[in-house]
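Visitor: I would like a close look at a single part of this model, with the criteria behind each statement spelled out. Please set that part against the chain as a whole.

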Amino acid sequence: SQQFYNLSKHLVAEFRWDNVVSPLTVMTVHLRATADAEEIRIKQSRLARRWLEPELQAGEDVILLGDLNTEQPVSNSDQEASVSGDIAAIVGSQSQLRMVDLLTRLPDATEATHLVLEKQFDRIMVSESMMVDGEGADWCFAKIEVLRDKIVRGQPDGPAHWSQRLTLG
């Protein structure tokens, strides 16, 4: 397709609770890496957005998260910065229901999210419905932070990530 590109590592789940008004749809993705792969990431982002569009149109709570591998940092000067490229394909255009990049809500919107590189590859996008506390029981965004001190299996990730990434587990 000229408009879409396959998502090779993704998961979509819908959660429902008896006391919560709307279901919560969560999609995890791992988009194509490297700066020169932006066109592929744009097509992958369009596909992810297309899959989530029915839930967004219904006003349901939606989270898209993962390693977006984007080279586009969050703007430090504008909490609702205009975006382009691969991030814009997820966030949505002016004519679509927009999603919110939660990194814009960090105390320092330029903070890196990658374990090794000073990049913002790891992102969390949420539906606008999650930014306000609606009627009845629902999900509402409260806070985001980058937790640098979390350790998996007793050792922090570091420069060895690149040579050992296939054996770490």
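Guide: What follows is a close look at Lys119, set within its chain. This is a predicted model, in which local features need pLDDT of at least 70, side-chain atom pairs count only at pLDDT 80 or more, and totals for chains, interfaces and linings use all residues. Residues are numbered from 1 along each chain as its sequence is written, and side-chain values use heavy atoms, with hydrogens and water left out.

The chain holds 3 helices and 5 strands, where helices (H or I, at least four residues) and strands (E, at least two) are DSSP runs numbered from the N terminus; along the sequence they are arranged as β-β-α-β-α-β-β-α. Lys119 lies in the loop that joins strand 4 (99-101) to strand 5 (122-127). With a relative accessibility of 32%, Lys119 counts as partly exposed, a class that falls between buried (under 20% relative accessible area) and exposed (over 50%), using a 1.4 Å probe and protein chains only. Of the 169 residues in the chain, 39% are buried.

Leaving aside residues up to four places away in sequence, Lys119 touches Glu71, Ala112, Thr113 and His114, a contact being heavy atoms within 4.5 Å. With one of these residues, Glu71, the side chain of Lys119 makes a side-chain to side-chain polar contact at 2.7 Å; the term denotes a pair of N or O atoms within 3.5 Å, where, within protein, one must be able to donate a hydrogen and the other to accept it, and residues adjacent in sequence count only if both atoms are side-chain atoms. Pro73 is 46 residues from Lys119 along the chain, yet their C-alpha atoms are separated by 7.5 Å. For the chain as a whole, 69% of the contacts with a separation of 6 or more are between residues 24 or more positions apart.

As for confidence, the chain has a mean pLDDT of 84, and 81% of its residues reach 70 or more, pLDDT being the predictor's confidence in each residue, from 0 to 100. Among the elements, strand 2 (residues 24-30) has the highest mean, 96, and helix 3 (residues 161-164) the lowest, 63. Over residues 76-81 pLDDT stays under 50, and the model has 7 contacts beyond four places in sequence for them. Where pLDDT is low, the predicted coordinates should not be read in detail.
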